[in-house]
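Here is a short tour for anyone who likes to know a fold before setting up a calculation on it. Take a look at the chain first, and then we can walk through its strands, cores and hollow spaces together.

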Amino acid sequence: MGKQNELTAALRAHISWPLHLVVIFAAADIVSYIINVYAGVVGSIAIGIYLLLTVPAYLRSYRQIRDLLVEFATHYGTMQKRLLNEFEVPYALLDENGKILWMNKKFQEASGRARTYHKSINAIIGTITKEWLQRENVYTMEQHINLGDRDYRASIQKVFMKEVLPSKEETPQEQEQATKEGSRNDYIFTLYLFDETRLNEYIRKNEEQRLVSALVYIDNYDEVIAQTAEMKASMVSAIVTRQISDYFSRYDAIVRRTERDKFYVVFKYVYLESLMEDKFSLIESVKKIKAGNEMSLTLSIGVGVNKTTYTQNYEYARMAIDLALGRGGDQVVVKNGDQITYIGGKTQQIEVNTRVKARVKAHALREIIESHEQILIMGHKIGDVDSFGAAIGIYVGAKALGRTPKIVLNEVTSSLKPFREFFTPENDYEENMFIPSETAIEYCDSKTVVIVVDTNRPAHTECEEILKKSKTVVVFDHHRQGNERIENAVLSYIESYASSTCEMVAEMLQYMADGIKLKHQEADSIYAGILIDTNNFMTKTGVRTFEAAAYLRRSGAEVTRVRKLLRNDMNDYKARAEAVRHAQVYKGVFAISICPADELESPTVVGAQAANELLNIIGIKASFVLTEYNDKIYISSRSIDEINVQLIMERLGGGGHLSVAGAQLEHASLEDAEDALKQTLNELIEEGQITL
């Protein structure tokens with residue numbers, strides 16, 4: 001009624017202004033009487049005539065204009081209602097609780113409800129709830145929904161009956177008072193549904209049309225061709241090329257051979273899911289090629305996926321293939337942004353017998369050392385004999401080049417103590433040859449060379465901070481690479497087929513400088529690293545392993561002396577025996593045990609030894625020993641050849657090799673870690689990654 005009264009008053013004021021002129025005329029007429037009575041009489045007569053003409057016209061015009069306005073308002077309301085009802089966009093009005101008050105024809109068609117449907121919108125769109133609508137200080141809302149086979153963007157606005165939104169100039173107290181008075185409690189919701197089905201379809205098609213880059217490398221092409229008769233070598237090459245082309249042609253891909261053993265592949269993103277579901281069966285079919293070749297061919301594939309540029313896709317593919325090769329080859333790595341997926345990698349990489357790579361890396365290391373004065377060498381936390389021996393080897397090489405490096409070592413475990421005692425000033429070694437992390441951080445600057453051995457994960461190093469301070473980082477490791485790795489390395493030598501980092505260092509020492517002579521304690525340390533990581537030359541040994549051992553023997557390493565240095569004390573032996581005695585057999589092939597850590601200086605080393613012991617039991621395909629140490633759960637896993645323990649440990653956040661791997665679990669108990677291990681085993685068995 002208030003609006004109606006306002007409209008009536010405005011209408012009266014608009015058409016009554018001629019009557020208001022009578023007041024002016026009357027005042028003028030009074031003045032006329034004072035000046036001249038005759039003129040005043042004439043004026044009075046004129047005013048009378050004016051009133052006789054104006055008053056009827058006013059009354060008649062008011063009724064006509066009012067009737068016209070009523071007719072226009074009625075017609076306007078009808079047209080407005082008709083337009084809303086025939087509006088091409090689905091439209092509805094909701095009350096404050098989300099109940100439907102009214103809907104147009106398009107909304108009826110989209111929702112499949114009749115005009116008389118006045119229930120909650122939640123029954124039609126489950127994600128629009130009363131609580132979601134009634135959120136405080138939210139006046140415009142959006143959701144992406146599905147109705148039937150159509151995609152919609154639901155746009156909802158809160159419309160107040162008296163006042164649309166609180167004024168920015170109002171204080172919080174004034175806003176609260178206005179709410180209490182009810183000026184903002186009377187509202188409804190307007191709901192629009194914008195059809196995005198075609199837009200989403202175009203977006204999806206655009207995504208599917210994106211190009212994916214892939215690099216395909218034949219891991220052991222040169223080795224296979226070298227062992228194949230000359231007449232059949234070209235046939236082997238032709239068959240593998242045809243298999244690669246035929247496989248990817250099924251996915252509408254372009255394949256180009258860039259080198260003898262390298263291919264570049266481009267295909268649409270829509271086919272990537274199919275390739276991953278197929279688990280890139282090409283890597284398995286290539287192994288079956290037999291055309292006079294005794295050795296099986298293996299492939300590594302790196303796939304790069306990104307939403308930006310083709311150049312970025314290729315760069316991701318290159319990073320993926322480097323990661324695949326660093327993990328030992330014979331697998332596929334898909335890099336999609338920060339997400340990395342591994343497929344394959346179940347078999348042991350065939351050892352490359354040539355030492356060309358070792359010689360090239362040794363010369364590169366020599367150039368880096370000669371161009372820098374300050375050198376820091378470090379292994380991984382809770383250092384073992386392999387990381388210690390490799391650090392000693394690099395130390396010897398740097399000394400031969402006229403430098404005085406330092407080794408970062410925080411904790412001397414019981415397994416390292418016999419070796420560490422050799423390197424003292426009494427034996428002509430610097431007093432500060434070994435320094436802790438705190439000293440290393442002060443010593444290191446941007447011009448310092450940091451050489452990391454036996455790990456490629458920054459978080460596992462003795463001092464991660466110096467990796468950030470130095471501009472020159474070198475990495476030597478034999479573990480397979482994972483998602484986390486040292487990114488800023490100027491020289492990276494990671495060979496997963498190598499038995500140990502000590503083996504790699506022993507090879508490089510023969511090329512770093514002329515006439516390097518090892519003292520017996522240095523040779524013993526490096527030899528011990530090979531001995532431990534190969535479990536006395538029983539696992540992961542190849543021709544180059546024995547060649548490295550022979551070099552160290554010629555340099556003064558003594559087998560009997562090393563064996564004495566590697567002996568355990570009684571507590572370690574008892575703990576290892578206890579772990580073996582209480583081992584449980586899971587699924588008939590997995591040995592799982594817990595190694596007691598009480599009174600042990602290096603419980604993780606003992607756990608690894610226990611895992612090796614459990615493999616001597618008939619029927620055991622893989623062993624897992626859990627050890628609690630420094631508020632973490634360490635898992636040591638071992639296998640002979642049937643189970644890839646690296647895949648298992650990677651699921652738990654660790655890594656390693658196919659037959660030797662490990663993981664660290666934080667904020668977990670031994671029981672939780674054991675349950676997580678069993679759950680992981682079950683998942684891999686269900687996925688077909690592990691075959692019992």
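## Overall make-up

The protein chain holds 25 helices and 23 strands. Please keep in mind that this is a predicted model. Of the chain's 692 residues, 47% count as buried.

Contacts tell you how the sequence folds back on itself: of those between residues at least 6 apart in sequence, 65% join residues at least 24 apart. As for the outside, the accessible surface comes to about 35,700 Å², and carbon and sulfur atoms account for 53% of that area.

## A six-stranded sheet

One open sheet is built from 6 strands in the order E18-E19-E20-E21-E23-E22, and its pairing is mixed. Strands E18 (584-586) and E22 (655-656) are the edges; each has a single partner strand, so one side of each is left without a neighbour in the sheet.

Inside the sheet, E20 (residues 622-629) and E21 (residues 632-639) run antiparallel and are joined by 8 bridges. If you would like a spot to centre your view, Thr627 stands opposite Tyr634 in E21.

## Two partners for strand E5

Strand E5 (residues 187-195) is worth a visit as well. With strand E1 (residues 91-94), E5 pairs in the antiparallel sense over 4 bridges. Its pairing with strand E4 (residues 150-160) is also antiparallel and runs over 9 bridges.

Which residue in E5 is the bridge partner of Ala92? That residue is Leu191. Leu191 is also the bridge partner of Ile156, so to speak a handy landmark for following the pairing by eye.

## Nonpolar cores

In soluble globular proteins, nonpolar side chains tend to be buried together. Here the largest nonpolar core has 59 residues, and those touching the most other members are Leu365, Ile394, Ile451, Phe476, Leu518 and Leu552. Helix H14 (residues 385-400) is the top contributor to this core, giving 9 residues.

Ile451 makes a good starting point for a contact list. Leaving aside residues up to four places away in sequence, Ile451 touches Leu365, Ile369, Ile375, Leu376, Ile377, Met378, Ile394, Val474 and Phe476. Another core, of 35 residues, lies apart from this one, and its members include Tyr221, Val255, Ile283 and Ile301.

## The second largest pocket

About 1,100 Å³ of space lies in the second largest pocket. Its lining counts 35 residues, and Asp322, Leu325, Gly326, Lys357 and Glu495 lie nearest the centre.

Which elements give two or more residues to this lining? They are strand E6 (211-218), helix H8 (221-226), helix H12 (310-326), helix H13 (356-370) and strand E17 (489-494). E17 provides the largest share, with 6 residues.

## Enclosed cavities

A search of the whole structure turns up 3 cavities of 30 Å³ or more. The largest cavity has a volume of about 70 Å³. Its lining is made of Gly379, His380, Gly383, Ser387, Phe388, Ala391, Ile407, Val408, Leu409, Leu416 and Glu462.

H14 and strand E13 (406-408) each supply at least two of these lining residues. The largest share, 3 residues, comes from H14, the helix that also gives the most to the largest nonpolar core.

Note on methods: Residues are numbered from 1 along each chain as its sequence is written. This is a predicted model: local features need pLDDT of at least 70, side-chain atom pairs count only at pLDDT 80 or more; totals for chains, interfaces and linings use all residues. Side-chain values use heavy atoms; hydrogens and water are left out. Buried means under 20% relative accessible area, exposed over 50%, partly exposed in between (1.4 Å probe, protein chains only). Contact means heavy atoms within 4.5 Å. Accessible areas come from the Shrake-Rupley method with a 1.4 Å probe; for residues, only the protein chains shown count as cover. Two strands pair if DSSP finds at least two bridges between them. A nonpolar core is a set of buried Ala, Val, Leu, Ile, Met, Phe, Trp, Tyr and Cys residues joined through side-chain atoms within 4.5 Å. On a 1 Å grid over the protein atoms alone, a cavity is a set of points where a 1.4 Å probe fits but cannot get out, and a pocket is an open set with protein on both sides within 12 Å along at least five of seven lines; lining residues have an atom within 4 Å of a point. Grid points are joined across faces, edges and corners, and a volume is the space filled by probe spheres set on the points.
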